[in-house]
Amino acid sequence: MAVIVKSSIVLQNKATPLRRFFLAAALGLTVLLSPSLVFADGESGAEQLRQFVRNSKTAEGEFVQQQLRAPKANEPQDKGLKVVRQTQGRFVFQRPGRFIWDTQKPYEQKLIADGKQLILWDKDLNQATFRPAGQALATTPAAILFGETSLDQHFDLVEGEDRLGMKWVALVPKKNPNAKNSNDLPYTKISVGMANGLPKALELIDGLGSVVLVTLDKIQLNVSLPANRFTFAPPAGAEVLRLN
(Lines give C-alpha, C1' and ligand atoms only; values in the text may rest on other atoms or scores of the structure.)
Protein backbone atom coordinates (compact mmCIF):
# COMPACT_ATOMS: atom_id res chain seq x y z
CA MET A 1 0.00 0.00 0.00
CA ALA A 2 1.45 3.36 -1.00
CA VAL A 3 1.14 6.10 1.64
CA ILE A 4 1.66 9.74 0.66
CA VAL A 5 1.55 12.48 3.31
CA LYS A 6 0.77 16.01 2.11
CA SER A 7 -0.41 19.23 3.72
CA SER A 8 -2.71 20.12 0.83
CA ILE A 9 -3.92 18.53 -2.39
CA VAL A 10 -5.97 19.30 -5.47
CA LEU A 11 -8.13 16.27 -6.26
CA GLN A 12 -8.43 15.84 -10.00
CA ASN A 13 -10.54 13.85 -12.43
CA LYS A 14 -13.81 12.74 -10.81
CA ALA A 15 -12.59 13.87 -7.39
CA THR A 16 -12.33 17.51 -8.50
CA PRO A 17 -15.87 18.58 -7.38
CA LEU A 18 -15.23 17.21 -3.86
CA ARG A 19 -16.35 20.33 -1.99
CA ARG A 20 -19.51 20.65 -4.04
CA PHE A 21 -20.19 16.95 -3.70
CA PHE A 22 -19.55 17.12 0.05
CA LEU A 23 -21.88 20.06 0.59
CA ALA A 24 -24.63 18.58 -1.51
CA ALA A 25 -24.42 15.39 0.48
CA ALA A 26 -25.35 17.23 3.60
CA LEU A 27 -28.88 18.32 2.73
CA GLY A 28 -32.06 17.77 0.79
CA LEU A 29 -33.92 14.55 1.44
CA THR A 30 -37.34 13.03 1.33
CA VAL A 31 -37.88 11.00 4.49
CA LEU A 32 -40.33 8.27 5.45
CA LEU A 33 -42.13 9.81 8.38
CA SER A 34 -41.38 8.24 11.75
CA PRO A 35 -44.08 8.11 14.44
CA SER A 36 -41.76 10.21 16.63
CA LEU A 37 -41.89 13.10 14.14
CA VAL A 38 -45.13 15.08 14.19
CA PHE A 39 -45.38 18.44 12.44
CA ALA A 40 -48.07 21.11 12.32
CA ASP A 41 -49.27 22.01 8.84
CA GLY A 42 -48.90 25.73 9.46
CA GLU A 43 -45.30 25.67 10.66
CA SER A 44 -42.76 27.71 8.75
CA GLY A 45 -40.14 26.02 6.60
CA ALA A 46 -37.42 27.05 9.03
CA GLU A 47 -39.18 25.51 12.02
CA GLN A 48 -39.88 22.32 10.08
CA LEU A 49 -36.17 22.08 9.28
CA ARG A 50 -35.19 22.68 12.90
CA GLN A 51 -37.54 19.97 14.12
CA PHE A 52 -36.27 17.50 11.54
CA VAL A 53 -32.67 18.10 12.61
CA ARG A 54 -33.57 17.71 16.28
CA ASN A 55 -35.49 14.46 15.81
CA SER A 56 -33.54 12.56 13.15
CA LYS A 57 -30.73 10.57 14.77
CA THR A 58 -29.98 8.19 11.89
CA ALA A 59 -31.23 7.71 8.35
CA GLU A 60 -30.41 5.91 5.14
CA GLY A 61 -31.78 6.09 1.62
CA GLU A 62 -31.10 7.05 -1.99
CA PHE A 63 -30.03 10.28 -3.68
CA VAL A 64 -29.90 11.90 -7.10
CA GLN A 65 -27.54 14.84 -7.59
CA GLN A 66 -27.61 17.07 -10.68
CA GLN A 67 -25.30 19.84 -11.77
CA LEU A 68 -27.20 22.37 -13.89
CA ARG A 69 -26.26 25.37 -16.00
CA ALA A 70 -28.07 28.06 -17.95
CA PRO A 71 -28.22 27.59 -21.77
CA LYS A 72 -25.33 29.05 -23.76
CA ALA A 73 -25.82 31.77 -26.35
CA ASN A 74 -25.97 29.25 -29.21
CA GLU A 75 -28.48 26.99 -27.44
CA PRO A 76 -32.30 27.29 -27.21
CA GLN A 77 -33.15 29.75 -24.46
CA ASP A 78 -36.60 28.33 -23.70
CA LYS A 79 -35.47 24.96 -22.35
CA GLY A 80 -34.46 26.16 -18.88
CA LEU A 81 -31.43 24.89 -17.02
CA LYS A 82 -29.49 22.08 -18.67
CA VAL A 83 -28.25 19.02 -16.80
CA VAL A 84 -24.50 18.70 -17.38
CA ARG A 85 -23.77 16.01 -14.79
CA GLN A 86 -25.91 13.56 -12.82
CA THR A 87 -24.91 11.05 -10.17
CA GLN A 88 -26.94 8.74 -7.99
CA GLY A 89 -26.42 6.33 -5.15
CA ARG A 90 -27.14 5.73 -1.49
CA PHE A 91 -26.40 7.52 1.76
CA VAL A 92 -26.49 6.82 5.47
CA PHE A 93 -25.86 9.09 8.44
CA GLN A 94 -25.66 8.98 12.21
CA ARG A 95 -25.63 12.13 14.25
CA PRO A 96 -23.28 13.66 15.14
CA GLY A 97 -20.81 13.74 12.33
CA ARG A 98 -20.92 10.26 10.79
CA PHE A 99 -22.10 9.61 7.24
CA ILE A 100 -21.47 7.73 4.01
CA TRP A 101 -22.29 9.32 0.64
CA ASP A 102 -21.99 6.37 -1.74
CA THR A 103 -22.07 7.34 -5.43
CA GLN A 104 -22.88 4.26 -7.52
CA LYS A 105 -23.64 5.69 -11.00
CA PRO A 106 -22.09 6.62 -13.39
CA TYR A 107 -18.95 5.74 -11.36
CA GLU A 108 -18.25 4.34 -7.89
CA GLN A 109 -17.01 6.79 -5.28
CA LYS A 110 -17.58 7.09 -1.53
CA LEU A 111 -17.27 10.01 0.86
CA ILE A 112 -17.11 8.81 4.47
CA ALA A 113 -17.04 10.68 7.77
CA ASP A 114 -16.31 8.47 10.77
CA GLY A 115 -16.47 11.20 13.40
CA LYS A 116 -12.76 11.98 13.32
CA GLN A 117 -11.79 12.14 9.66
CA LEU A 118 -13.17 12.53 6.15
CA ILE A 119 -12.32 9.84 3.62
CA LEU A 120 -12.78 9.97 -0.15
CA TRP A 121 -12.56 6.56 -1.82
CA ASP A 122 -12.43 6.44 -5.63
CA LYS A 123 -12.65 2.89 -6.95
CA ASP A 124 -11.55 3.70 -10.51
CA LEU A 125 -8.48 5.57 -9.29
CA ASN A 126 -7.89 2.95 -6.57
CA GLN A 127 -7.21 5.90 -4.27
CA ALA A 128 -8.26 6.83 -0.72
CA THR A 129 -7.78 10.37 0.62
CA PHE A 130 -7.91 10.96 4.39
CA ARG A 131 -8.14 14.35 6.09
CA PRO A 132 -9.04 15.44 9.64
CA ALA A 133 -12.67 16.37 10.12
CA GLY A 134 -11.87 19.25 12.46
CA GLN A 135 -14.18 22.18 11.88
CA ALA A 136 -14.83 21.15 8.27
CA LEU A 137 -18.03 19.36 9.21
CA ALA A 138 -19.35 21.91 11.71
CA THR A 139 -18.90 24.96 9.48
CA THR A 140 -20.48 23.58 6.28
CA PRO A 141 -24.03 22.56 5.41
CA ALA A 142 -23.13 19.03 6.50
CA ALA A 143 -23.90 20.24 10.02
CA ILE A 144 -27.61 20.34 9.16
CA LEU A 145 -28.07 16.59 8.89
CA PHE A 146 -24.82 15.11 10.15
CA GLY A 147 -23.57 17.53 12.79
CA GLU A 148 -24.83 19.02 16.02
CA THR A 149 -28.54 19.40 16.72
CA SER A 150 -28.21 23.19 17.10
CA LEU A 151 -28.79 24.30 13.53
CA ASP A 152 -28.91 28.00 14.44
CA GLN A 153 -25.36 27.84 15.81
CA HIS A 154 -23.90 27.95 12.31
CA PHE A 155 -26.62 29.42 10.07
CA ASP A 156 -29.24 32.13 9.95
CA LEU A 157 -32.45 30.61 8.55
CA VAL A 158 -34.33 32.99 6.25
CA GLU A 159 -37.83 32.16 5.03
CA GLY A 160 -38.12 32.14 1.25
CA GLU A 161 -40.84 31.61 -1.32
CA ASP A 162 -43.29 28.75 -1.71
CA ARG A 163 -42.26 26.94 -4.88
CA LEU A 164 -42.91 23.50 -6.38
CA GLY A 165 -45.08 22.58 -3.41
CA MET A 166 -42.29 23.31 -0.93
CA LYS A 167 -41.47 26.04 1.58
CA TRP A 168 -37.94 27.16 0.80
CA VAL A 169 -35.49 28.19 3.49
CA ALA A 170 -32.22 30.02 2.77
CA LEU A 171 -29.24 29.08 4.94
CA VAL A 172 -26.90 32.00 5.53
CA PRO A 173 -23.59 31.05 7.23
CA LYS A 174 -23.00 33.06 10.38
CA LYS A 175 -19.84 35.13 10.53
CA ASN A 176 -17.14 33.89 12.88
CA PRO A 177 -14.93 36.78 14.02
CA ASN A 178 -12.24 34.30 15.10
CA ALA A 179 -11.99 32.64 11.69
CA LYS A 180 -9.46 33.76 9.09
CA ASN A 181 -12.19 33.51 6.47
CA SER A 182 -15.63 33.54 8.00
CA ASN A 183 -17.40 32.62 4.76
CA ASP A 184 -15.32 30.31 2.59
CA LEU A 185 -18.21 28.27 1.22
CA PRO A 186 -18.13 28.07 -2.58
CA TYR A 187 -21.80 29.03 -2.90
CA THR A 188 -23.61 32.33 -2.99
CA LYS A 189 -26.93 30.71 -2.08
CA ILE A 190 -27.91 27.59 -0.15
CA SER A 191 -31.62 26.72 0.03
CA VAL A 192 -33.62 23.78 1.40
CA GLY A 193 -37.13 22.93 0.20
CA MET A 194 -39.44 21.72 2.99
CA ALA A 195 -42.80 19.95 2.66
CA ASN A 196 -44.89 18.33 5.40
CA GLY A 197 -42.05 18.64 7.89
CA LEU A 198 -39.51 16.96 5.62
CA PRO A 199 -36.54 18.32 3.62
CA LYS A 200 -37.14 17.30 0.01
CA ALA A 201 -34.65 19.31 -2.05
CA LEU A 202 -31.42 21.27 -1.82
CA GLU A 203 -30.25 24.00 -4.19
CA LEU A 204 -26.66 25.24 -4.21
CA ILE A 205 -25.76 28.20 -6.44
CA ASP A 206 -22.21 29.46 -6.97
CA GLY A 207 -20.95 32.83 -8.15
CA LEU A 208 -20.85 31.68 -11.79
CA GLY A 209 -24.53 30.75 -11.82
CA SER A 210 -23.93 27.01 -11.70
CA VAL A 211 -26.63 25.14 -9.77
CA VAL A 212 -26.41 21.85 -7.88
CA LEU A 213 -29.76 20.20 -7.16
CA VAL A 214 -29.94 17.27 -4.74
CA THR A 215 -33.04 15.18 -4.02
CA LEU A 216 -33.21 12.06 -1.86
CA ASP A 217 -35.80 9.34 -1.64
CA LYS A 218 -36.73 6.00 -0.03
CA ILE A 219 -35.40 7.15 3.33
CA GLN A 220 -35.65 5.04 6.46
CA LEU A 221 -35.43 7.25 9.52
CA ASN A 222 -33.94 6.45 12.94
CA VAL A 223 -32.74 3.01 11.88
CA SER A 224 -30.43 0.82 13.96
CA LEU A 225 -26.89 0.85 12.57
CA PRO A 226 -24.00 -1.51 13.40
CA ALA A 227 -21.06 -0.03 15.32
CA ASN A 228 -18.69 -0.55 12.37
CA ARG A 229 -21.02 0.97 9.75
CA PHE A 230 -18.73 3.98 9.22
CA THR A 231 -15.41 2.12 9.37
CA PHE A 232 -13.38 2.13 6.15
CA ALA A 233 -10.10 0.36 5.35
CA PRO A 234 -8.55 0.83 1.88
CA PRO A 235 -8.02 -2.42 -0.01
CA ALA A 236 -4.52 -3.81 -0.37
CA GLY A 237 -2.53 -2.01 -3.05
CA ALA A 238 -4.59 1.18 -2.98
CA GLU A 239 -2.91 4.57 -3.03
CA VAL A 240 -3.49 6.42 0.25
CA LEU A 241 -3.20 10.20 0.63
CA ARG A 242 -3.15 11.60 4.17
CA LEU A 243 -3.71 15.33 4.53
CA ASN A 244 -2.63 17.26 7.63
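## Overall architecture

Accessible areas are those obtained by the Shrake-Rupley method with a 1.4 Å probe. On that basis, the protein chain of this predicted model exposes about 12600 Å², of which carbon and sulfur atoms supply 49%.

The protein chain comprises 244 residues, and buried residues make up 46% of them. Its secondary structure consists of 3 helices and 13 strands. Among contacts with a separation of 6 or more, 62% link residues that lie 24 or more positions apart.

## Strand S6 and its partners

Strand S6 spans residues 117-122, and 5 of its 6 residues are buried, so the strand is largely enclosed by the rest of the structure. On one side of the pairing, S6 runs antiparallel to strand S5 (residues 109-114), to which 5 bridges join it. Within this pair, Ile112 has Ile119 of S6 as its bridge partner. The two strands form a hairpin with 2 residues between them, and Gly115 in the turn has a positive phi of about 100°.

S6 is also joined by 6 bridges to strand S7 (residues 127-132), again in an antiparallel arrangement. Here Trp121 is matched with Ala128 in S7. S6 and S7 likewise form a hairpin, with 4 residues between them; Asn126 in that turn has a positive phi of about 55°.

## The environment of Thr87

Thr87 belongs to strand S3, which covers residues 82-94. Its relative accessible area is 6%, and Thr87 is therefore classed as buried, the cut-off being under 20%.

Leaving aside residues up to four places away in sequence, Thr87 touches Phe63, Val64 and Gln65, together with Thr103, Lys105, Pro106 and Tyr107.

How values were computed:
Residues are numbered from 1 along each chain as its sequence is written. This is a predicted model: local features need pLDDT of at least 70, side-chain atom pairs count only at pLDDT 80 or more; totals for chains, interfaces and linings use all residues. Side-chain values use heavy atoms; hydrogens and water are left out. Buried means under 20% relative accessible area, exposed over 50%, partly exposed in between (1.4 Å probe, protein chains only). Contact means heavy atoms within 4.5 Å. Two strands pair if DSSP finds at least two bridges between them.
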